[in-house]
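Visitor: I would like to go through this model with you, one question at a time. Could we begin with a residue whose burial can be reasoned out?

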Amino acid sequence: QNLRLYRALDRLPDAYRTALILYELEELSGEEVARLTGVALGTVWVRLHRGRERLLAILAREERP
């Protein structure tokens with residue numbers, strides 16, 4: 001299951017992947033992610049939202065027979 005997740009993460013654009021890994025997996029706050037990546041906090045939230053959408057779409061496509 002983890003392998004499937006990491007493969008899907010690898011298919012995301014760098015900005016979305018980085019935001020998701022730092023926030024969801026490393027459990028950093030949005031503010032910490034913004035500071036580390038050098039972008040505005042609002043940009044972090046947008047990247048997380050779009051990254052989640054794309055990640056779910058990738059995982060859903062992989063489940064189709």
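Visitor: Is Arg 17 buried or exposed?

Guide: In this predicted model, Arg 17 has a relative accessibility of 17%. Because residues under 20% relative accessible area count as buried, the class of Arg 17 is buried.

Visitor: Where is Arg 17 found, and which residues does Arg 17 touch, not counting residues up to four places away in sequence?

Guide: Arg 17 belongs to helix α2, which covers residues 14–25. Leaving aside residues up to four places away in sequence, its contacts are Leu 9, Asp 10 and Leu 12.

Visitor: With which residue does Arg 17 form a salt bridge?

Guide: The candidate lies in helix α2 together with Arg 17, 3 residues apart, about one turn of the helix. This residue is exposed, with a relative accessible area of 52%, whereas Arg 17 counts as buried. The closest N and O atoms of the pair are 2.1 Å apart, and the partner is Asp 14.

Visitor: Which residue forms a salt bridge with Arg 4, and in which helix does this partner lie?

Guide: Arg 4 is in helix α1 (residues 2–10), and the pair links distant parts of the chain, 58 residues apart. Arg 4 is partly exposed at a relative accessible area of 26%, and its partner is also partly exposed, at 33%. The salt bridge has an N to O distance of 3.7 Å, and the partner is Glu 62, in helix α4.

Visitor: How many residues apart in sequence are Arg 11 and Glu 62?

Guide: The side chains of Arg 11 and Glu 62 meet in a salt bridge of 3.5 Å, N to O. Arg 11 lies in the loop between α1 and α2 while Glu 62 is in helix α4, so the pair ties together parts whose separation in sequence is 51 residues.

Visitor: Which residues are linked in a network of salt bridges?

Guide: The count of salt bridges comes to 5, including the one between Glu 62 and Arg 4 and the one between Arg 11 and Glu 62. The residues linked in the network are Arg 4, Arg 11, Glu 62 and Glu 63.

Visitor: Are α3 and α4 roughly parallel or roughly perpendicular to each other?

Guide: Helix α3 (residues 30–37) and helix α4 (residues 41–63) pack with their axes 9 Å apart, at an angle of about 105 degrees. In their contact, Gly 30, Glu 31, Val 33, Ala 34 and Thr 37 of α3 meet Leu 41, Val 44 and Trp 45 of α4, which by class gives 5 nonpolar, 2 polar and 1 charged residues. Because angles from 65 to 115 degrees count as roughly perpendicular, α3 and α4 are roughly perpendicular.

Definitions and conventions: Residues numbered from 1 in each chain as written. Predicted model: local features only at pLDDT ≥ 70, side-chain atom pairs only at ≥ 80, totals over all residues. Heavy atoms only, no water. Helix = DSSP H or I, 4+ residues; strand = E, 2+ residues; numbered from the N terminus. Buried < 20%, exposed > 50% of the residue type's maximum accessible area, 1.4 Å probe, protein only. Contact = heavy atoms within 4.5 Å. Axes fitted to C-alpha atoms, helices over the stretch in contact; angles between N-to-C directions. Parallel < 35°, antiparallel > 145°, perpendicular 65-115°, else oblique. Nonpolar A, V, L, I, M, F, W, Y, C, P; charged D, E, K, R; others polar. Salt bridge = Lys/Arg side-chain N within 4 Å of Asp/Glu carboxyl O.
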